[in-house]
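Colleague: I should be grateful for a close look at a single part of this model, described in connected prose.

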Amino acid sequence: MPRGKYVNHKGRNRNFTNPEELEAQRKKDEEEKKWRKTREQGSDDDDEDEDDNDDEEDDSDSDSDDDKAKGAQSVIQIQNPNRVAKKSHRKVEAVEEDEEPQLTRREKEELEKQRAAAAYQKRHAEGKTAEAKADLARLAIIKQHRAEAAARREAEKKEKEAKMKSGES
């Protein structure tokens, strides 16, 4: 007996379907088809008799037949929040033109993301975010260092000029 998931068929004896079994299966299928046909014809005859009586009485009954639940649906109450009820067709006059198209979840998320980014950029420009405060503090320190360096350079330049004047005289 082979082990594992896959079975190797090489070297085994061939299995042929017995012709008698094939014939018996074919006959059985034909009998089932005949039985179904006779059953359908019988049910069609019953429906035609009922339809003749209905036409004479009232046409509004045929509309209510479509609304009836099929099978055990009338007996069993379904409370599935995910189940979408079949929407009836709406007339063109009933459809509002001002109605905006519904956005998908991804589109809603994308819009929300864009709004949040725009709000953050606005607060950042105003200097209200932590990152903006850190940037402004860094810029203030750099400005201070540059001012000190400029003052130092100016002082050195004046010293150099003073030495040159004193050296010339």
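The request and the reply below concern one helix and the loop that follows.

Colleague: Which elements make up the chain, and what can be said in detail of α3 and the loop between α3 and α4?

Modeller: The model is a predicted one, and what follows should be read accordingly. The secondary structure of the protein chain consists of 4 helices and 0 strands, in the order α-α-α-α from the N terminus. Of the 169 residues, 2% are buried. The accessible surface of the chain comes to about 17700 Å², with carbon and sulfur atoms supplying 48% of it.

The helix in question, α3, covers residues 105–126. Its length can be checked against its geometry: 22 residues at 1.5 Å a residue should span 32 Å, and the end C-alpha atoms are indeed 32 Å apart, so the two values agree.

At the start of α3, R105 forms a salt bridge with E109, with 3.0 Å between the closest N and O atoms. These two residues are 4 residues apart in the helix and are therefore separated by about one helical turn. In general, an α-helix has 3.6 residues a turn, so residues three or four places apart point the same way. R105 counts as exposed because its relative accessibility is 53%, over the 50% cut-off; E109, with a relative accessible area of 45%, is partly exposed.

At the other end of the helix, the side chain of E126 meets that of K128 in a salt bridge of 3.3 Å, N to O. E126 is partly exposed at 45% relative accessibility, whereas K128 is exposed, with a relative accessible area of 55%. G127, just after α3, takes a positive phi of about 85°.

T129 is found in the loop between α3 and α4, the latter covering residues 130–168. The relative accessibility of T129 is 4%, so this residue counts as buried, the cut-off being under 20%. Leaving aside neighbours within four places in sequence, T129 is in contact with Y120, R123 and H124. With H124 there is also a polar contact between the two side chains, at 3.2 Å.

On the other side of α3, the loop between α2 (60–67) and α3 contains I78. Together with V75 and I76, I78 forms a nonpolar patch on the surface, with about 310 Å² of accessible area. I78 itself counts as partly exposed at 46% relative accessibility.

Terms used: Residues numbered from 1 in each chain as written. Predicted model: local features only at pLDDT ≥ 70, side-chain atom pairs only at ≥ 80, totals over all residues. Heavy atoms only, no water. Patch = residues over 30% accessible without salt bridge, like charges linked within 9 Å, V, L, I, M, F, W, Y side chains within 5 Å. Areas by Shrake-Rupley, 256 points an atom, 1.4 Å probe, with all protein chains shown as cover. Salt bridge = Lys/Arg side-chain N within 4 Å of Asp/Glu carboxyl O. Buried < 20%, exposed > 50% of the residue type's maximum accessible area, 1.4 Å probe, protein only. Polar contact = N/O pair within 3.5 Å; in protein donor to acceptor, adjacent residues only side chain to side chain. Contact = heavy atoms within 4.5 Å. Expected span 1.5 Å × (residues − 1).
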